[in-house]
Every structure is written in structure tokens, then in C-alpha cells.
Amino acid sequence: MDVRQPPEKTPDGRFVVIGGRRWRATDPDLPEEAAARLRSHLMAARRAVRSATSAGDPDAERSARARVHRAKVALGERGTPWWEQSAAERRRRWRDGLARLDEDGPR
């Protein structure tokens with residue numbers, strides 16, 4: 001059984017360190033159910049990027065990359081840093097992002 005350890009975090013919890021590189025951490029106040037759904041959208045969009053790239057379809061690739069970006073913004077990993085947002089702004093960010101991704105559906 002493959003048991004993954006969570007990535008190392010910086011002392012302030014704002015970044016994870018993977019392979020010596022810092023990446024913005026997911027918003028820790030994101031409810032787990034919403035975070036799981038957003039990660040599912042993110043992985044589906046990443047698979048769509050790979051498929052579109054392999055197929056040489058620039059329009060599909062552009063669309064898939066936009067979905068990756070929307071998921072990462074909703075997770076708090078891109079856009080305005082989550083630690084600079086109020087609780088209401090953070091909640092609106094992930095709710096709006098999730099609604100848009102659910103509306104778009106997998107492609």
C-alpha cells in the first residue's frame with residue numbers, strides 16, 4: 001500500500017516545499033469536501049491538457065489550461081494570496097470557482 005506523506009510546509013504554512021521548490025499551499029480554511037471536489041476538477045483538467053497536447057488541439061489545450069487555472073485559483077494556489085483575503089472573500093473565491101467548474105463539467 002502506497003502511503004503518501006504530506007509535503008513539507010514552510011513555518012508560516014503558506015507554502016509547501018516539493019523538490020526544494022516552494023509552491024503556494026492550498027487555503028487551509030477550505031472545507032475538505034470542497035477541496036476534494038476542486039482537486040478532482042484540477043486532475044481532470046490536467047488530464048485534458050495532456051490529451052489536447054497529444055492530439056495537437058490548441059483550442060482544447062487552451063480551454064483545459066483555463067480550467068486548471070480556475071481550479072488552482074479556487075484552491076487558493078493562484079491569484080490573490082489566501083492570507084491576504086478576508087474570510088468572506090476566501091469563501092466566495094472557492095464557492096464561485098467550484099460553481100463555475102461544476103457548470104463547465106469535465107471535458
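These legends accompany several close-up views of a predicted model.

**View 1. The whole protein combines 3 helices and 3 strands.** Let's start with the overall layout. Reading along the sequence, you meet the elements in the pattern β-β-β-α-α-α. The C-alpha atoms fill a box of roughly 40 × 35 × 25 Å, taken along the principal axes. Of the 107 residues in the protein, 36% are buried. Among contacts with a separation of 6 or more, 54% are between residues 24 or more positions apart.

**View 2. Three strands make an open, antiparallel sheet.** The order across this sheet is β1-β2-β3. Which strands lie at the edges? They are β1 (8-9) and β3 (21-24), each of which pairs on one side only. Strand β2 covers residues 15-18, and 2 bridges join β1 to β2. To find your way here, look for K9, which stands opposite V16 in β2.

**View 3. F15, W82 and W83 are linked by ring pairs into a cluster.** The structure holds 2 aromatic pairs. One of them, between W82 and W83, is edge-to-face, with 5.0 Å from centre to centre and 90° between the planes. Are these two tryptophans buried or partly exposed? W82 counts as buried because its relative accessibility is 8%, under the 20% cut-off. W83, at 25% relative accessibility, counts as partly exposed. The F15 ring has a charged companion too: the charged end of R22 sits over it, 3.9 Å from the ring centre.

**View 4. Helix α2 spans residues 58-75.** Its 18 residues reach 26 Å from the first C-alpha to the last, close to the 26 Å expected at 1.5 Å a residue. What caps the N-terminal end of α2? Here D57 does the job, with a side-chain oxygen 3.3 Å from the backbone nitrogen of D59. Just after the helix comes G76, whose phi is positive, near 90°.

**View 5. The buried residues of α2 are covered in part by α1 and α3.** The buried set consists of A64, R67, V68, R70, A71, K72, A74 and L75. As you trace these side chains, a helical rule of thumb may help: residues three or four places apart point the same way, because an α-helix has 3.6 residues a turn. What covers the buried residues of α2 includes α1 (32-55) and α3 (87-104).

Note on methods: Residues numbered from 1 in each chain as written. Predicted model: local features only at pLDDT ≥ 70, side-chain atom pairs only at ≥ 80, totals over all residues. Heavy atoms only, no water. Helix = DSSP H or I, 4+ residues; strand = E, 2+ residues; numbered from the N terminus. Expected span 1.5 Å × (residues − 1). Buried < 20%, exposed > 50% of the residue type's maximum accessible area, 1.4 Å probe, protein only. Contact = heavy atoms within 4.5 Å. Polar contact = N/O pair within 3.5 Å; in protein donor to acceptor, adjacent residues only side chain to side chain. Phe/Tyr/Trp six-rings, centres within 6.5 Å; stacked < 30°, edge-to-face > 60°. Lys NZ or Arg CZ within 6 Å of the ring centre and 35° of its normal. Pairing = 2+ DSSP bridges.
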